[in-house]
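User: I would like to go through this model with you, starting with how burial is judged. Could you begin there?

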Amino acid sequence: VLACRLAAAGVDVRVLDAAAAPDRTSRALGVQPRGAEVLDRTGALGDLPARGVRLERVVVDLGGRTPVRLELARAQRHLPTPGFIASQADVEAALRERLAALGVAVRWGHAVTAAAQDGAGVDVELSGGDGSAGGVRCGWLVGCDGAHSAVRGLAGIAFPGVQVVERFLLADVRADLPLPRDAVSVWLRPEGMLGAFPLRAAGPGLWRLMAPAAADRSGGRDAGDAAPAELADRLTAVAGIPAGAVRSAAWTSTFRIHRRLADRFRAGRVLLAGDAAHVHSPLGGQGMNTGLGDAENLAWKLALVAGGRAHADLLDTYEAERRPVAAGVLRATTGLTRTVVGGTPAARLLRDHLLVPLLGTAPVQQLVARESSQLTTTYRRGPLGGGPGRWAPRDPRPGDRVPDGPCRREDGTGTRLHAELRAGWALVLPAG
């Protein structure tokens with residue numbers, strides 16, 4: 001996303017990836033409404049919503065009681081771009097296609113091994129998978145290289161945090177499950193929880209199963225082969241679905257859930273975005289979307305600075321605006337994970353008899369839809385925001401997301417205006 005936006009703004013960019021080729025596994029799944037808007041503005045949304053799964057609801061089964069239904073479609077009906085399920089692989093493919101149309105190719109098999117910056121740029125040393133080495137001189141280096149970011153380490157940026165769940169299991173499986181394909185199904189039991197996500201709206205059954213590992217089973221990243229069997233056993237134990245319903249596994253992952261936030265998002269001419277700056281639980285589908293938001297925020301600022309139209313101090317507002325957003329996502333996803341997992345009898349009692357039943361109420365459903373959409377994200381309290389000022393309660397302020405509004409051209413024809421930026425000022429036209 002960052003490369004697409006910079007290239008579209010006329011900035012010369014290079015995209016380096018240590019991997020030998022694109023990753024074809026699904027990984028992240030949820031595209032939230034704000035994430036869809038970012039992809040749309042980037043020119044990469046295309047037919048992703050049509051190929052993805054439009055979720056109608058989340059069904060939470062507590063066992064022995066009427067399931068609680070979180071009606072997502074109903075709660076999001078007022079949103080301009082409802083969320084949907086699409087694999088990270090599909091999203092990345094759409095972005096690569098957009099990047100290629102802008103004349104930029106990803107340089108695969110180029111790992112960053114060293115970086116030294118001065119007042120005018122950054123010297124980056126590279127090591128190829130074939131043992132070759134080389135280097136590149138750039139004005140700015142942005143680490144979008146994930147939780148184990150080499151760029152973050154080279155910049156000396158700390159990445160403190162805590163472990164939230166000891167071991168979590170994911171598997172994309174081909175299975176014949178007697179479940180609706182427009183809903184996420186969740187089972188909460190004293191012996192454990194399980195979630196099932198449809199990965200295709202129709203056709204051969206492909207599902208994402210996820211659950212915390214049983215406490216008496218050990219393993220780490222090399223235990224992924226055991227994940228499908230363990231999850232199939234969990235299907236039988238908590239949902240009563242025969243383990244034989246799972247025919248095969250397309251992808252598995254076993255990992256520890258951590259909550260980590262970089263101490264800073266900028267060290268001179270080196271910046272961080274996405275999982276390189278923040279990692280958290282996958283529950284809630286916020287990770288990929290938070291990274292998309294980072295990239296969009298940084299792109300326009302870096303484009304102005306790289307083009308000589310703004311001072312480099314503008315880049316400090318990136319951390320000031322995006323780090324609080326990431327901190328809020330970490331708090332929310334950690335709370336959700338601990339609630340869903342229910343690690344103690346007291347936590348399960350609170351979960352089953354208070355928190356989950358509240359999900360069935362309209363006000364809570366609207367709140368969940370609004371917050372998870374990320375459309376409420378605002379920078380009004382940041383350095384570029386509106387400040388205290390005299391504002392009417394419903395007036396948009398600098399830093400707010402302003403929905404597209406209708407306006408008229410000079411010739412009387414209609415158009416839609418999101419935001420018009422000019423030197424030193426911005427004009428926004430709210431709907432109506």
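Analyst: Buried means under 20% relative accessible area, exposed means over 50%, and partly exposed lies in between. Please keep in mind that this is a predicted model.

User: Is Arg266 buried or exposed, then?

Analyst: Arg266 counts as buried, because its relative accessibility is 16%, which is under the 20% limit.

User: Which residue forms a salt bridge with Arg266?

Analyst: The partner is Asp316, and the closest N and O atoms of the pair are 2.7 Å apart. This salt bridge links distant parts of the chain: Arg266 is in strand β16 and Asp316 in helix α9 (residues 316-341), 50 residues apart. Asp316 counts as partly exposed, since its relative accessibility is 42%.

User: How many salt bridges does the structure hold?

Analyst: The structure holds 20 salt bridges. One of them joins the side chains of Asp123 and Arg137, at 3.1 Å from N to O. Asp123 lies in strand β8 and Arg137 in strand β9 (residues 133-138), so the pair ties together parts that are 14 residues apart in sequence. Asp123 is partly exposed at 39% relative accessibility, and Arg137 is partly exposed at 43%.

User: What does Arg247 pair with?

Analyst: Arg247 forms a salt bridge with Asp176, with 2.7 Å between the closest N and O atoms. Here again distant parts of the chain are linked: Arg247 is in strand β15 (residues 246-261), while Asp176 is in the loop between β11 (161-175) and β12 (183-189), 71 residues away. Arg247 has a relative accessible area of 44% and is therefore partly exposed.

User: Which residues are joined into one network by salt bridges that share partners?

Analyst: That network consists of Arg5, Glu37, Arg41, Glu296 and Arg401.

User: Back to β16. What is the strand order in its sheet?

Analyst: The order is β10-β17-β16, in an open sheet of three strands with mixed pairing. The edges are β10 (141-143) and β16 (266-267); each has a single partner strand, so one side of each is left without a neighbour in the sheet. β16 runs antiparallel to β17 (residues 270-272), and two bridges join them. Ala267 stands opposite Val270 in β17.

User: And how do β7 and β8 pair?

Analyst: Strand β7 (residues 110-117) and strand β8 (residues 122-128) pair in the antiparallel sense over seven bridges. They form a hairpin, with four residues between the two strands. His110 has Gly128 in β8 as its bridge partner.

User: Changing topic to helices: what span should α11 have?

Analyst: Helix α11 (residues 362-373) has twelve residues and should span 16 Å at 1.5 Å a residue; its end C-alpha atoms are 16 Å apart, which agrees.

User: Which residues of α11 are buried, and where do they fall around the axis?

Analyst: The buried residues of α11 are Gln365, Ala369, Ser372 and Ser373. Seen down the axis of α11, they fall within an arc of 105°, so they line one face of the helix.

User: Last topic: which residues make the nonpolar surface patch of about 320 Å²?

Analyst: Leu350, Leu354, Leu355 and Leu358 make that patch. Leu354 is placed in helix α10 (residues 345-358). With 43% relative accessibility, Leu354 counts as partly exposed.

Conventions
Residues numbered from 1 in each chain as written. Predicted model: local features only at pLDDT ≥ 70, side-chain atom pairs only at ≥ 80, totals over all residues. Heavy atoms only, no water. Patch = residues over 30% accessible without salt bridge, like charges linked within 9 Å, V, L, I, M, F, W, Y side chains within 5 Å. Areas by Shrake-Rupley, 256 points an atom, 1.4 Å probe, with all protein chains shown as cover. Salt bridge = Lys/Arg side-chain N within 4 Å of Asp/Glu carboxyl O. Buried < 20%, exposed > 50% of the residue type's maximum accessible area, 1.4 Å probe, protein only. Pairing = 2+ DSSP bridges. Expected span 1.5 Å × (residues − 1). Arc of directions from axis to C-beta.
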